[in-house]
Amino acid sequence: EGDRFMNKLGRIAVALAMAFSVGAASAESVINVPAGATAADINAAIQSAPEGAVVHLADGTYNLTAPIVLDRSVTLVGNVEDRTKVVLDGAGKYRLLEVSDGQTFACGMTFEKGYSGSRSNNNDPAPVHVTAGTVSSCICHDCDGDCAGGVTVYSPGGKTAAVKDTLISDCQVSWVSGGIGGGLRLGGSGTSIADGCVISNCTF
């Protein structure tokens, strides 16, 4: 699992380097999304990308009013060298990311001020919600959820969902008494993995 993860990061780095240095498509196609794009713009890029492509978010802040949806075999990457330079901001009102394909990979970005909840369902997902696939090398902070404050990794049977090498801080559960996970919730009948994450100052 660790070797596969490092190989994936290596392929991403090579694809981005080729795209920026020679201005041509690499073996793993790169679709560049400009800073300030909306969730609709990013989701359109994901849906139009060929299988196995990299959707690259330029450095900057993306003010989201809906979640980014990764539901097919596409990699979403921000800045793999400095994950603070690509920020997905939910303004305290909106979910930020849904990952639901086992071959999907998201890395190199910061999730902040996300919110998730209906005030009616004890199983509401967190602002960053993974049911299959991997979120890695990210930051999640100052997020709020009715049941889980930062990240949910909740895999149904037969699937693997993971969050790796991610910093989760200052997140909270604001509704369910006792909470389920102030920073991170793991669950489901499949394989749910948290590896190399640091969680701090989260409450429920």
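This passage walks through the fold of a predicted protein model, from its overall make-up to a few single residues.

The model is predicted, so local features are described only where pLDDT is at least 70 and side-chain atom pairs only at pLDDT 80 or more, while totals for chains, interfaces and linings use all residues. Residues are numbered from 1 along each chain as its sequence is written, and side-chain values use heavy atoms, with hydrogens and water left out.

The secondary structure consists of two helices and 19 strands; here helices (H or I, at least four residues) and strands (E, at least two) are DSSP runs, numbered from the N terminus. Of the 204 residues, 50% are buried, where buried means under 20% relative accessible area, exposed means over 50%, and partly exposed lies in between (1.4 Å probe, protein chains only). The accessible surface is about 8,600 Å², and carbon and sulfur atoms account for 50% of this surface; the areas come from the Shrake-Rupley method with a 1.4 Å probe, and for residues only the protein chains shown count as cover. Contacts (heavy atoms within 4.5 Å) often link distant parts of the chain: among those between residues at least 6 apart in sequence, 71% join residues at least 24 apart.

Strands of a sheet pair through backbone hydrogen bonds, in either a parallel or an antiparallel way. In this model, six strands make an open sheet with parallel pairing, in the order β3-β6-β8-β11-β15-β19; two strands are taken to pair if DSSP finds at least two bridges between them. The edges are formed by β3 (60-63) and β19 (198-200), which have a single partner strand each, so one side of each is left without a neighbour in the sheet. On average, neighbouring strands of this sheet are turned by 15° against each other, direction ignored; such angles are taken between axes, which are lines fitted to C-alpha atoms (for helices over the stretch in contact), and run from 0 to 180 degrees between N-to-C directions.

Following this sheet inward from β3, four bridges connect β3 with β6 in the parallel sense, and Y62 has L88 in β6 as its bridge partner. The side chains of β3 alternate: G60 and Y62 are buried and point to one face, whereas T61 and N63 point to the other and are not buried. Three bridges then join β6 to β8 (residues 110-112), again in parallel, with D89 partnered by E112.

A second open sheet, with three strands, has the order β9-β12-β16 and is also paired in parallel. Its edge strands are β9 (115-116) and β16 (172-173), each pairing on one side only. Two bridges link β9 to β12 (residues 144-145), and S116 stands opposite G145 in β12.

What about the interior? In soluble globular proteins, nonpolar side chains tend to be buried together. The largest nonpolar core in the model has 37 residues, and I42, Y62, L76, L97 and F111 have the most contacts inside it; a nonpolar core is a set of buried Ala, Val, Leu, Ile, Met, Phe, Trp, Tyr and Cys residues joined through side-chain atoms within 4.5 Å. Several elements supply at least two residues each, including α2 (39-48), β2 (54-57), β7 (97-107) and β10 (128-136). The largest share, four residues, comes from α2. Apart from this core lies another of five residues, among them V30, V77, F105 and C107.

F111 shows how such a core residue is surrounded: beyond its neighbours within four places in sequence, its contacts include L88, L97, V128, I139 and H141. H141 itself is found in β11 (residues 139-141) and counts as buried at 19% relative accessibility. The side chains of H141 and D142 are joined by a polar contact of 2.5 Å. A polar contact is a pair of N or O atoms within 3.5 Å; within protein, one must be able to donate a hydrogen and the other to accept it, and residues adjacent in sequence count only if both atoms are side-chain atoms.

Two further buried residues complete the picture. T131, in β10, has a relative accessible area of 19%. Its C-alpha atom is separated by 4.5 Å from that of S155, although the two are 24 residues apart along the chain. N79 is found in the loop between β5 (75-77) and β6 and is buried, with a relative accessible area of 15%. The side chain of N79 reaches the backbone nitrogen of D82 at 2.8 Å.
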